[in-house]
Amino acid sequence: MSACSGSLLRQYEYEEQIYLTVRGAATVMVDASIPALVALRGLKLDPSTTARIDQNDVRRAFEAQGCHVVSVGQPWRREGRRFVQVRLETDDVRTLAQCGVFAWSAYAFDQDDAGLHFQQKVGAAAGVNAGHVNWDGSELVAFKLHVPSKITFHNVRTLKDNLPGDVDRGNILTWEQTLADRRAGKPIDMDVKMESESILYRTIWLFGGAFGAAVLVLAAIVWLTMKRGKRVTL
């Protein structure tokens with residue numbers, strides 16, 4: 001419980017989440033401060049704390065880089081900086097780099113007899129000067145992968161002591177990095193293997209099997225009751 005709550009309460013200056021399907025389609029959520037979007041991805045936005053942020057401006061900045069934007073959330077403030085959430089979708093996660101915001105990564109997704117294999121290698125940041133930002137060096141960046149099936153291998157390491165990391169809530173993997181390392185372009189290599197059958201599909205089959213077994217048990221009870229009733233009548 002404490003590990004889960006700690007993960008849920010962790011705050012990131014830039015957070016990129018991929019919700020992957022077994023067919024390779026993906027929904028991507030980017031939660032980031034405006035200064036981080038400028039410094040890391042070079043988006044044409046005003047990073048100053050006094051500037052007003054418009055959701056349409058954010059959408060246009062993403063679309064100018066060839067991204068298919070589904071929605072832009074209402075901006076919010078934290079530590080004096082403005083943050084925004086952007087949701088994007090793709091039919092093939094391997095094409096994400098065609099969107100300039102994700103062009104710092106190379107994506108691979110394939111399937112064989114062993115199951116599904118996903119890789120993402122994150123390279124250099126844009127290296128843009130975002131001006132005066134009240135970053136204090138404690139800011140973190142995260143890349144999260146929400147996998148659709150049972151994980152058979154992953155290479156997540158803890159940020160503090162570089163030990164093997166855990167899976168959050170059954171199917172979420174998180175690669176963390178300090179904002180300073182991300183700005184310096186320190187690479188991240190994400191590697192995950194998983195089963196081909198989705199967790200949802202398996203859950204439906206388990207539920208269906210349990211329901212079918214319950215119906216059979218109920219039918220057997222009714223049949224036995226009726227049979228005993230006939231014996232008593234005779």
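In this predicted model, C67 and C99 are both buried, and the two cysteines form a disulfide in which the sulfur atoms lie 1.8 Å apart. The structure holds 1 disulfide, and the torsion about the S-S bond of C67 and C99 is about 70°, so this disulfide is right-handed. The pair links distant parts of the chain, since C67 sits in the loop between α3 (55–63) and β3 (69–72), whereas C99 sits in the loop between β5 (81–90) and β6, with the two positions 32 residues apart in sequence.

The loop between β5 and β6 also holds W104, which leads from the disulfide to the aromatic residues. By the ring criterion, the count comes to 4 aromatic pairs. In one of them, the rings of Y14 and F143 have their centres 6.3 Å apart and their planes at 50°, so the pair is classed as tilted. Because Y14 belongs to strand β1 (residues 14–20) and F143 to strand β8 (residues 140–146), this pair ties together parts of the chain that are 129 residues apart in sequence. Y14 is buried, with a relative accessible area of 0%, and F143, at 1% relative accessibility, counts as buried as well.

F143 also pairs with W104: the centres of these two rings are 5.8 Å apart and their planes stand at 55°, so this pair, too, is tilted. Here the connection runs from the loop between β5 and β6 to strand β8, so the pair ties together parts that are 39 residues apart in sequence. Both W104 and F143 are buried, and ring pairs link Y14, W104 and F143 into a cluster.

From the loop that holds C99 and W104, the chain continues into β6, and with β6 we reach a sheet. Four strands form this open sheet in the order β6-β7-β11-β9, with antiparallel pairing. Its edge strands are β6 (105–112) and β9 (149–154), each of which pairs on one side only, and neighbouring strands of the sheet are turned by 20° against each other on average, direction ignored.

Within the sheet, H117 is found in strand β7 (residues 115–122). Is H117 buried or exposed? At 18% relative accessibility, H117 counts as buried, because the cut-off for that class is under 20% relative accessible area. Its side chain is joined to that of D191 by a polar contact of 2.6 Å. Leaving aside residues up to four places away in sequence, H117 touches A108, F109 and D110, and likewise D191, V192 and K193. The former three fall within the range of edge strand β6 (105–112), while the latter three fall within that of β11 (residues 188–198).

Strand β11 leads on to the other edge of the sheet, where 4 bridges join it to β9, the two strands running antiparallel. Along this pairing, I151 stands opposite M194 in β11. S149 likewise has its place in strand β9, and this serine is buried, with a relative accessible area of 1%. The side chain of S149 reaches the backbone oxygen of E195 at 2.4 Å, and E195 falls within the residue range given for β11 (188–198), so that a side-chain contact accompanies the bridges between these two strands.

How values were computed: Residues are numbered from 1 along each chain as its sequence is written. This is a predicted model: local features need pLDDT of at least 70, side-chain atom pairs count only at pLDDT 80 or more; totals for chains, interfaces and linings use all residues. Side-chain values use heavy atoms; hydrogens and water are left out. Two strands pair if DSSP finds at least two bridges between them. Axes are lines fitted to C-alpha atoms, for helices over the stretch in contact, and angles run from 0 to 180 degrees between N-to-C directions. A disulfide is a pair of cysteine sulfur atoms within 2.5 Å. Buried means under 20% relative accessible area, exposed over 50%, partly exposed in between (1.4 Å probe, protein chains only). A polar contact is a pair of N or O atoms within 3.5 Å; within protein, one must be able to donate a hydrogen and the other to accept it, and residues adjacent in sequence count only if both atoms are side-chain atoms. Contact means heavy atoms within 4.5 Å. Rings of Phe, Tyr and Trp (its six-membered ring) pair if their centres lie within 6.5 Å; planes under 30 degrees apart count as stacked, over 60 as edge-to-face and the rest as tilted.
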